[in-house]
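Me: I am new to this structure. Please take one part and look at it closely.

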Amino acid sequence: MLRGVFDWIDSRTGYRAALHHLLDEPLPAGTGWIFTTGSIVLFLLGVQIVSGVGLSMYYVPAPALAYDSVRYITDTLTLGWLLRGLHFWGSTFIVLAATIHLLRVFFLGSYKAPREVTWLTGVVMFLLILAFALSGYLLPWDQKAYWATTVTINIARGTPLVGEQVADVMRGGAQLGALTLGRWYTAHVFLLPAALILFVVAHITLMRRHGISGPIAPKDGPRRAFYPWHAIKDTLMMAAVFALLLVFAANFPAHLDEIANPADASYVPRPEWYFLSLFELLKYFPGPWEPVATMVIPGLVVGFLLALPFLDRGPDRHPFRGRRLLFTLAMVVLASGILVMTALGLADLPTKYDPNDWGPRAVAGHLIVSAPDNKCVTCHVTGGPAADLAATRITKDEEWLLAHMSDPVAIAPGVRTEDDPAPPAQMTRFQAQSVLAYLRRTRAGAIPPELTEDERIASVTFAGMCVGCHKIAGEGGESGPDLSRVGARRDAAAIRRIVKDPTTEFPDSLMPPFGERLTEQQLSALVNYLSARR
Amino acid sequence: MTMTDVNTTAREIGRRSFVARAIAAIHTVIGATIAFIVGGTTLAPSFTRREASWLRAGSIDALPDNQPVAVALRVMRQDGYSQVVDRTLVYLVKTGEQDVRVLQSRCTHLGCQTSYDRRAKRIVCPCHGGVFDLQGNVMEGPPPAPLPTLQARVENGEVMVQI
């Protein structure tokens, strides 16, 4: 019965002949496991497409909603964390798999005539995969996304002659914002996939046209069909890679920083590992030399890859024989260079953002909103006209939020007139900034720490007096030194002397003396707190 | 063809079909896993029910006996990754010292907003003449069902309504 149905479909479509053509290609004897690398890239690409479609059902490419939609996927949606983990780790896996495939094709000399164009399409696909990874970065709209993309666009600005124009096109204007997010999203989910799929089809068609290159030294023996004899190797490798991907996705869920804060220009983004070598390279070419690291060297590398099949035209595929040794050496130098740069970059990463390290400003904010006389709960309460602070979303910019906390009834900053003056501020600007720091933390999933009375006093004091100039745990001003690890540099006695009168240690210090302005309780709490930060 | 050849060919066919089945089985497992994750995230919100919440609807002392008072309840609700404020108008009917009946105010016929007719002591719908008594029962007109009653309780003199 079922056979009859398939016979009928075959008579109308000829699918069996097509399948036969697709699957029964005879492969050279000795086509082993090493020839599964391409299938793995293709498989991972499929995983990325399917998981990406799943994510796109919830993701919104707009600044006010992007972060919250990713938060929703990560925290609320059933299995959403796993889906996002799969897509996040999938990008790492696919970059790795594509690199391995490229190296396999290189070392086995599979790019040689007549397969030059196959190699070229492969190099373009490799670049497309990197472009995917880069454009996907901005989408969560967290601090890392925002500032890493700022860096990327600044690098593009270094393009000779048309740098500013290139940057304007990448941003969709003079500032990184809603229009930037829209175009990077479109690139990530429409343009790049369309381009990549086109190249995949071309790559596979060319692979079939010229046949698989097979082992370097042709082996005697019967040519066996791709299906099932090689397909089983592909399948087992895919299963192993997929199992590993699941392990990573399940055990190291994709991270989400605090929501993007365009006002905080001090955030130093950590690039993803596959861009770390470029990031490291930048350090060796400061100032006017920057384009060497951002344009010249990457351009030379890509140029080398594209020109390879035309430079190395001898028939010998052995990597260590004759003229090929030269190219093998070049590739080894290139690969080691990237490895060394990546390792150096790893050793010198900016401090990882830790949402659970509650700096004094966030702590002060927590104390304000959990105090019994907290006025926020007039409206921000379950069943109230505004969302509970634990669930509230940060959809407005910093200035709006600070104005709202000072004058909650005003609809926007600056609307009050002389006839309608603002009532006494509900909060000082410092306090409002503290509350905002608290909201960003809780929205990023951190839980307020348990504190001693001393730590509370120190946090409030710091958030009221020191935070304008000094930074702790990523929050605060920059005119004074970062005090996140000050306890490792100075002992308690020295910190006390400096706080009371900075000129005792730094004669030229612009910092005012705080000896008179702090009570003894505040001073000792602050000194204990700072000296404990190591 | 000798007997050995036949045996070899038979073994080869056996191996081939075993390997083909292994491929199909592994791809089925991989496909099912991905389908479970992506399908799960796609379907999950469809089967998630909204959590009930208790809202404050005013003090019981302010309510007259056996006379509906319309109260607007505003509740912030999660709409996926967004938040919206829902406004619901309900009738509070004080039925005892610590007892309140809470009726929804939308007509069960076509959803028009009803109002309380003080003189007739009836809840009336302006659209098609539906009339309800203070228990929400249909007295006249086309409404197919009584006005739904909401869960309510009194806590420290405050009327709490479950939405």
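What follows is a close look at one helix of chain A and the core around one of its residues.

Reply: This is a predicted model. Start with helix H10 of chain A, residues 226-251. Does its length fit? At 1.5 Å a residue, its 26 residues should span 38 Å. The end C-alpha atoms lie 35 Å apart, which agrees.

H10(A) also has a kink. The bend is about 30° and centres on Ile232(A). Ile232(A) is itself one of the buried residues of the helix. Its buried neighbours in sequence include Trp229(A), His230(A) and Ala231(A). Further along, Thr235(A), Met238(A), Val241(A), Phe242(A), Leu245(A) and Ala249(A) are among the buried residues too. Why might such spacing recur? An α-helix has 3.6 residues a turn, so residues three or four places apart point the same way.

Now follow Leu245(A) inward. Leu245(A) belongs to the largest nonpolar core, which has 55 residues. Together with Leu44(A), Trp119(A) and Leu196(A), Leu245(A) touches the most other members. Helix H5 of chain A, residues 80-107, gives this core its largest share, twelve residues. Another core, of 41 residues, lies apart from it. Among the members of that other core are Ala167(A), Leu176(A), Ile394(A) and Leu439(A).

Back in the largest core, take Leu196(A). Leaving out residues up to four places away in sequence, Leu196(A) touches Leu45(A), Met125(A), Leu128(A), Ile129(A) and Phe132(A).

Terms used. Residues numbered from 1 in each chain as written. Chains lettered and ligands numbered in written order. Predicted model: local features only at pLDDT ≥ 70, side-chain atom pairs only at ≥ 80, totals over all residues. Heavy atoms only, no water. Helix = DSSP H or I, 4+ residues; strand = E, 2+ residues; numbered from the N terminus. Expected span 1.5 Å × (residues − 1). Bend = angle between axes of the 7 residues up to and from the residue. Buried < 20%, exposed > 50% of the residue type's maximum accessible area, 1.4 Å probe, protein only. Core = buried A, V, L, I, M, F, W, Y, C linked by side-chain atoms within 4.5 Å. Contact = heavy atoms within 4.5 Å.
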